[in-house]
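Colleague: I'd like to go through this structure with you and hear the reasoning behind the labels. Could you put it up first?

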Amino acid sequence: MGEFALNIRAINQPGVLRDITELTAICEINITYTHLFVEDKDHASLYMELEAVQNVDKLIENIKNIEAVRSVEECPTLQDVFGKRIIIIGGGAQVAMVAQGAITEADRHNIRGEHISVDTIPLVGEKDLKEAVSAVGRLPRVGALVLAGSLMGGGITEAIREIKKDHEVIVISLNMPGSITQEADLVITDPIQAGVMAVMAVADTAIFDIKKLGKKRF
C-alpha cells in the first residue's frame, strides 16, 4: 500500500524509539519521515510516516504490544494535511507583505483541492538569516523559499547555493541590493506578487512553469 502515518504515544524512557524502529525494520517497512517530541516528563509522542506496509492492522497491533507504548493511532500524513510548504524569510515588513500574497493565492488553489501551507519568520542580521536559510534544507515538503529583505548577501548567498545544490527548492528573492539576487530563480520587486508567484510555482492547479520564463527579474 502507499504511504500512511501513525501517531504513537509512549512512556518517556530510553529505548522506546529503538524498539519501534526495530519492529518496522523486521517487517521490512521503510520510515520516510519521523518526528519525536516529549509531551511531559512521563510521556512522549512519535509521529511516523511509513511505506511498504503490507498489513496496517497487524503493524498497529505489534506496536501496541511494546510494553512502553500507551496508544497507537493511524492519522493523515502531513503531506495530506499541510501539503507543499512556502517558506518566507527576511525582514518583518517585507515578510508580512509576501505572506499576504502567498496566503491569498494559496487559498485560491486550496479551494480547488491543493494543499499548500505558508511558514514565515522575520529575522535581521546575516548570521541569523544564514542559519534560517540553511535550516530549510532540514525541513520536509518545502516547495519554494522566498527571501524578503532589503539587503542580503555574504553567508546568506552561500547558504542558498548549498540549498539549491542539495535540494529541489525554488528560490525567489525580492529585488534588493546584495548578491542573493544572483542566485535566485526569480527576482520580483513587488512583495505581494512574490508571494503569489511562489505559490503558483509549486501548485499543481496552476498553469505556470518557472523554467519557461524568458527572464528572471520582474
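Modeller: Here are your questions, taken one at a time, for what is a predicted model.

Colleague: Let's start with the whole chain. What makes up its secondary structure, and how far does the C-alpha trace span?

Modeller: The chain has 8 helices and 9 strands. Its C-alpha trace spans about 60 × 40 × 30 Å along the principal axes. Of the 218 residues, 44% count as buried. As for contacts with a separation of 6 or more, 73% of them join residues 24 or more positions apart.

Colleague: Why is Ser 45 called buried?

Modeller: The cut-off for buried is under 20% relative accessible area. Ser 45 has 3%, so it counts as buried. You'll find Ser 45 in strand S3, residues 43-51. Beyond its neighbours within four places in sequence, Ser 45 is in contact with residues including Ile 8, Arg 9 and Phe 37.

Colleague: And what makes Ser 173 buried?

Modeller: Again the cut-off is under 20%, and Ser 173 comes in at 0%, so buried is the label. Ser 173 is in strand S8. With the neighbours within four places left aside, its contacts include Leu 147, Ile 180, Val 187 and Ile 188.

Colleague: Asn 62 next. Why is Asn 62 called partly exposed?

Modeller: Partly exposed runs between the 20% cut-off for buried and the 50% cut-off for exposed. Asn 62 has a relative accessible area of 22%, so it belongs in that middle class. Asn 62 sits in helix H2, residues 56-64. From Asn 62 to Ile 163 it is 101 residues in sequence and 39 Å in space, C-alpha to C-alpha.

Colleague: Ile 163 brings us to helix H6. How do you know what span to expect for H6?

Modeller: The expected span is 1.5 Å times one less than the number of residues. H6 covers residues 155-166, which makes 12 residues, and the expectation is 16 Å. From first C-alpha to last, H6 reaches 17 Å, close to that figure. Among the buried residues of H6 are Ile 156, Ala 159, Ile 160 and Ile 163.

Colleague: What covers the buried residues of H6?

Modeller: The cover includes helix H5 (126-136), strand S7 (142-148), strand S8 (170-174) and helix H7 (180-183).

Colleague: Now the cysteines. How do you know whether Cys 75 is bonded or not bonded to another cysteine?

Modeller: A disulfide needs two cysteine sulfur atoms within 2.5 Å. The closest cysteine sulfur to that of Cys 75 is in Cys 27, 18 Å away, so the pair is too far apart for a bond. The structure holds 0 disulfides. Cys 27 itself is partly exposed, with a relative accessible area of 35%.

Colleague: What makes the phi of Glu 28 stand out?

Modeller: Most residues other than glycine have a negative phi. Phi of Glu 28 is near 60 degrees, a positive value in a residue other than glycine. Glu 28 lies in the loop between helix H1 (16-26) and strand S2 (30-38). At 67% relative accessibility, over the 50% cut-off, Glu 28 counts as exposed.

Colleague: Where does Arg 141 lie, and why does it count as partly exposed?

Modeller: Arg 141 lies in the loop between H5 and S7. Its relative accessibility is 22%, so it falls in the partly exposed class. Phi of Arg 141 is positive too, near 65 degrees.

Methods: Residues numbered from 1 in each chain as written. Predicted model: local features only at pLDDT ≥ 70, side-chain atom pairs only at ≥ 80, totals over all residues. Heavy atoms only, no water. Helix = DSSP H or I, 4+ residues; strand = E, 2+ residues; numbered from the N terminus. Buried < 20%, exposed > 50% of the residue type's maximum accessible area, 1.4 Å probe, protein only. Contact = heavy atoms within 4.5 Å.
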